[in-house]
Amino acid sequence: MIKKLRNMNDTNLLLTITVVVFVVMYLCAVIFLGEGFRSPQTFLNLFNNNASLIIIACGLSLVMITGGIDISVGGVTALVCMSCAVNLDLHGGNVFTSMLIALGIGLAFGLVQGFLIAYLDIQPFIVTLAGMFFARGLTTIVHTDPFNVQNPDFVDLRNARITIPGLGSTNRKGMYIDATIEIGVVVAIVIVLALFFMLRWSKLGRNFYAVGGNQQSALMLGINVKRTKFLSYVFCGLLAGIAGYVYFMHVGSGSPSHAQGAEMNAIASSIIGGTMLTGGVGNIVGTLFGVLSLSTIKDIVSSIGLDDAWWTGITVAAMLCIFLIVQSIVMAKKHSKGSSSKKEETAAAAQT
Amino acid sequence: MNILKKIVSKQIFIPCAALLLLALFNLINDPSFFKITLGHNSDGDPVLNGYLITILDYGSELAILAIGMTLVTAATGGQDISVGAGIAIAGSVILRVLCGSNSRPTELQTSLIVAFLVAVLVSMAFSAFNGVLVAYFKIQPMVATLILFTAGRSIAAWINNNELPIISADCDKSFSYWGNYIPGIPIPTPVFIAAISVLIIMLVLKFTNLKLYTQSVGINPKSSRLNGLNPEMIKIISFVILGVCVAISGLIKVSRLQTINYSVVAKDIEMDAILAVALGGNALSGGKFNMWASILGAYVIQFLTTTLYKLDVRSDALPAYKAIVVIILVVASAPIVREKIGGFFKKFRSSENKGGAAA
């Protein structure tokens with residue numbers, strides 16, 4: 001078993017840790033906290049409440065795999081919500097135009113940031129930091145006050161639910177309630193699957209890993225490093241736009257304070273999911289489990305009765321801390337053991 | 001031409017140029033921006049008024065943070081994003097020690113010095129925690145400090161049981177001196193605090209090996225180890241120094257308002273501090289640094305903020321304009337863009353020469 005673990009590559013090893021931790025955590029919750037956690041709807045709600053975060057985190061993982069970072073995603077989400085809300089209610093737009101706006105905003109941010117980072121070689125942190133400031137500031141310029149969208153078409157879309165057969169449960173009065181998911185969840189799952197296949201089997205996907213792992217050797221292999229980096233930011237921006245619309249469908253309102261701190265949650269989820277900020281290591285499925293773990297721990301904290309606002313922050317941070325330390329120890333152990341045999345030593349040398 | 005090139009290639013040129021541009025803009029827009037008048041505050045003490053004084057006053061925290069942030073950036077090649085949360089913790093500790101469990105005290109429990117020292121210790125401990133994660137567990141600084149970034153404001157609220165202690169003027173008047181004015185001195189106190197901090201760090205950099213060691217660890221930790229340095233220790237030391245800076249900023253922040261609001265105090269200041277380092281032309285990937293440039297960068301950012309406020313930009317829309325300016329600055333200072341522009345000028349000049357020769 002241990003030998004098998006040692007032979008795994010970094011991506012799979014970190015993914016395994018994440019999945020195991022999530023399953024153990026959820027099982028513990030089901031066994032010890034009972035009731036709430038036992039109904040399938042609770043599990044589905046993890047997806048319902050976090051569909052947009054899953055999409056954002058996927059985009060961020062993509063950028064992190066290529067060795068960059070994008071902290072503008074939360075701001076873009078808020079900007080998309082506000083712009084769509086204003087378009088629908090104040091400018092007489094319809095659902096279709098608002099979707100176009102969402103995609104357009106995301107794409108615009110991705111293109112500009114990608115260009116600045118990949119082709120002008122400016123620090124990604126600074127560029128996307130400015131992007132975050134810009135998006136947040138623009139949100140309040142578009143409209144100052146939060147408001148709910150009344151557009152009937154959109155309200156229909158917002159309230160649409162997809163029923164999952166066989167997972168419903170009976171409530172205390174004996175009524176049968178269907179288990180449902182929102183449309184956003186379907187979007188999120190489709191995106192996760194698409195990105196998973198892309199990263200694993202497409203040429204572009206492999207290029208992302210190659211560029212993140214070692215730019216120099218990627219360049220020597222004939223990969224267009226700049227274009228690959230550029231594309232990762234375009235994807236991330238586009239996904240942030242889509243996530244913005246999914247978030248918009250979930251809350252049905254525009255507000256400057258929407259998705260506050262979403263970028264940090266997304267980064268945390270990606271890290272818990274086994275993506276490394278140094279690039280070259282990461283997995284979209286891991287990211288999905290990262291988001292789920294993060295929200296499970298929040299659920300557990302609130303159901304234990306530690307309702308005070310500060311406990312959520314402290315536990316999430318503690319969990320992040322534990323994950324980071326475990327990851328760092330596991331990686332260090334693996335690499336030190338790997339160098340004990342000569343064959344692996346050369347492999348490690350080739351890697352670094 | 002050579003002298004010009006020499007000046008342009010100096011690192012401190014970037015913040016200086018930005019400062020000059022901003023000053024020029026204000027001069028054209030409204031020369032009264034630079035007017036400084038001697039007025040009186042509500043207590044009848046003489047105070048200096050004017051936008052320049054505001055910039056110096058409110059830029060103090062940023063300048064102090066920029067000192068620590070520059071060292072952390074240089075030593076670890078990453079940034080600490082938990083300084084805002086750290087300020088909330090430090091401020092909370094100061095109020096907790098001064099007020100005890102009573103959130104509306106009539107008299108202070110201890111002297112301010114004790115409270116401040118406790119805050120410094122707590123801040124140093126948190127920073128050392130960050131430092132250990134970065135140095136020994138080899139976690140990227142931004143990620144390691146993400147932990148405290150998430151938890152910091154919650155911890156700050158927890159320290160004071162989520163109450164918001166207020167030290168009123170009736171209770172102790174001298175508490176507000178640190179963030180405002182000492183009676184009789186017309187210059188705001190934070191300016192002095194910042195000046196003393198800058199002086200101390202400059203003396204330390206001049207008379208100790210801190211600068212050399214930090215830079216060598218930032219450039220190559222492995223070879224510094226081979227040269228007998230302890231890279232882990234130096235990384236932790238840089239974080240601890242940042243911790244002290246955070247505690248000083250925390251004192252100024254609480255003293256300004258004599259109270260604290262955990263979710264709002266020093267919000268987004270980590271971004272400004274990182275920007276200050278970047279504006280100073282320091283590589284965010286570590287290595288060489290220029291402390292003066294960072295400190296100047298901090299004041300440039302405050303200059304920009306004040307200029308925008310003066311133009312009646314709403315405070316919540318402020319970031320958008322700031323972002324545009326920042327992007328223009330970094331694009332203009334990007335090596336590739338500079339090269340392109342330089343090449344363009346060269347071509348232009350050589351074609352001009354050719355034209356002259358033909359004529």
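Is B:Cys99 buried or exposed? Select this cysteine in the predicted model: its relative accessibility is 0%, and because the limit for a buried residue is under 20%, B:Cys99 counts as buried.

Next, select B:Cys245. This cysteine has 7% relative accessibility and therefore also falls in the buried class. With cysteines on display, one may look for sulfur–sulfur links. A disulfide is a covalent bond between the sulfur atoms of two cysteines. A search of the whole structure, over all chains, returns zero disulfides.

Proceed to helix α3 of chain B by selecting residues 51-76. This helix contains 26 residues, and the distance from its first C-alpha to its last is 36 Å, close to the 38 Å expected at 1.5 Å a residue. Centre the view on B:Ser60, where α3(B) bends by about 45 degrees. Then colour the helix by accessibility: 21 of its 26 residues are buried, so α3(B) is largely enclosed by the rest of the structure. Just after the helix, select B:Gly77, whose phi is positive, at about 70 degrees.

For the final stop, turn to the surface and select B:Ile182. This residue lies in the loop that runs between α6 (141-159) and α7 (189-207) of chain B. Its relative accessibility of 33% is the reason why B:Ile182 counts as partly exposed. Extend the selection to B:Ile185, B:Ile187, B:Phe192, B:Ile196, B:Ile200 and B:Val204; with B:Ile182, these residues form a nonpolar patch on the surface. Together the members of the patch have about 530 Å² of accessible area.

Conventions: Residues are numbered from 1 along each chain as its sequence is written. Chains are lettered from A and ligands numbered from 1 in the order in which they are written. This is a predicted model: local features need pLDDT of at least 70, side-chain atom pairs count only at pLDDT 80 or more; totals for chains, interfaces and linings use all residues. Side-chain values use heavy atoms; hydrogens and water are left out. Patches are made of residues with over 30% relative accessible area and no salt bridge: like charges are joined within 9 Å, nonpolar side chains (Val, Leu, Ile, Met, Phe, Trp, Tyr) within 5 Å. Accessible areas come from the Shrake-Rupley method with a 1.4 Å probe; for residues, only the protein chains shown count as cover. A salt bridge is a side-chain nitrogen of Lys or Arg within 4 Å of a carboxyl oxygen of Asp or Glu. Helices (H or I, at least four residues) and strands (E, at least two) are DSSP runs, numbered from the N terminus. Buried means under 20% relative accessible area, exposed over 50%, partly exposed in between (1.4 Å probe, protein chains only). A disulfide is a pair of cysteine sulfur atoms within 2.5 Å. The expected span of a helix is 1.5 Å times one less than its number of residues. The bend at a residue is the angle between axes fitted to the seven residues ending there and the seven starting there.
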